[in-house]
Amino acid sequence: AAFYEILCRIETVLHVERRGGFPTTMEKAAIIIEKAAGEKINISRLAASLGYSYSHFRRRFREFTGLSPHQYELSSRVNKAKTLLSENQLSIKEIAEKLGFDDQYYFSRLFRRKTGTAPSQWKGL
C-alpha cells in the first residue's frame, strides 16, 4: 500500500510537469491536503470550494489518487511524521500533537499500520 501511494504521488508530480505546470482541480486538492498536514481539514468544505459535491469530489479524488480524501490526508500526515521523526528533535508525543492527532497511541498505531514500523523504531533509524 505504501509503495502504491508513493507511485501515485510521483505520477501526480510527473503529470503536472508533463502538462506544463497547470494543475487540475484534483491536483490542487491533493496539494491542499498535503500542505495542511497537521491541520484538521474539512473535506466537505474543500469539495465545495472546488465546485463539487462531497460524493462527486470523493469519487473523482479516489480515481485520481487511488485513495479516498481521508486516507490521503492520513497518509500525508504520516509522511510528515516520517520527516519529523528523522530530524530527531521532537518526541513522539510532540509530533503527534503537531500533526493534529489527539491521541499519541492512535498516532503510533496508524504510523505502524501505514509504514510497518513503530515511530520509535523510525526515530532510531
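This report describes the fold of one protein chain, then one of its helices, a pair of crossing helices and a loop residue.

## Overall fold

The model is predicted. The protein chain contains 8 helices and 0 strands. Read from the N terminus, its elements follow the order α-α-α-α-α-α-α-α.

Of the 125 residues in the protein chain, 37% are buried. Among contacts with a separation of 6 or more, 56% are between residues 24 or more positions apart.

## Helix 4

Helix 4 covers residues 54-65, which is 12 residues. From its first C-alpha to its last it reaches 16 Å, close to the 16 Å expected at 1.5 Å a residue.

The buried residues in helix 4 include Phe57, Phe61 and Thr65. Viewed down the axis of helix 4, the buried residues fall within an arc of 45 degrees, so they line one face of the helix. The general rule is that an α-helix has 3.6 residues a turn, so residues three or four places apart point the same way.

Glycine 66 comes just after helix 4 and has a positive phi of about 90 degrees.

## Helix 5 and helix 7

Helix 5 spans residues 69-87, and helix 7 spans 104-115. The axes of helix 5 and helix 7 come within 10 Å and cross at roughly 95 degrees. Angles of 65 to 115 degrees count as roughly perpendicular, and therefore helix 5 is roughly perpendicular to helix 7.

On the side of helix 5, the contact is made by Gln71, Leu74, Ser75, Val78, Ala81, Lys82 and Leu85. Helix 7 contributes Tyr106, Phe107, Leu110, Phe111, Lys114 and Thr115. Sorted by class, the contact of helix 5 with helix 7 has 8 nonpolar, 3 polar and 2 charged residues.

## Alanine 118

Alanine 118 sits in the loop between helix 7 and helix 8, the latter being residues 119-124. Is alanine 118 buried or exposed? Alanine 118 has a relative accessibility of 8%; because buried means under 20%, alanine 118 counts as buried.

Leaving aside neighbours within four places in sequence, alanine 118 is in contact with Phe111 and Arg112. Phe111 is also one of the helix 7 residues in the contact with helix 5. Another residue of that contact is Phe107. Alanine 118 and phenylalanine 107 are 11 residues apart in sequence, and their C-alpha atoms are 9.9 Å apart in space.

Conventions
Residues are numbered from 1 along each chain as its sequence is written. This is a predicted model: local features need pLDDT of at least 70, side-chain atom pairs count only at pLDDT 80 or more; totals for chains, interfaces and linings use all residues. Side-chain values use heavy atoms; hydrogens and water are left out. Helices (H or I, at least four residues) and strands (E, at least two) are DSSP runs, numbered from the N terminus. The expected span of a helix is 1.5 Å times one less than its number of residues. Buried means under 20% relative accessible area, exposed over 50%, partly exposed in between (1.4 Å probe, protein chains only). The arc is that of the directions from the helix axis to the C-beta atoms. Contact means heavy atoms within 4.5 Å. Axes are lines fitted to C-alpha atoms, for helices over the stretch in contact, and angles run from 0 to 180 degrees between N-to-C directions. Angles under 35 degrees count as roughly parallel, over 145 as roughly antiparallel, 65 to 115 as roughly perpendicular and the rest as oblique. Ala, Val, Leu, Ile, Met, Phe, Trp, Tyr, Cys and Pro count as nonpolar, Asp, Glu, Lys and Arg as charged, and the others, Gly among them, as polar.
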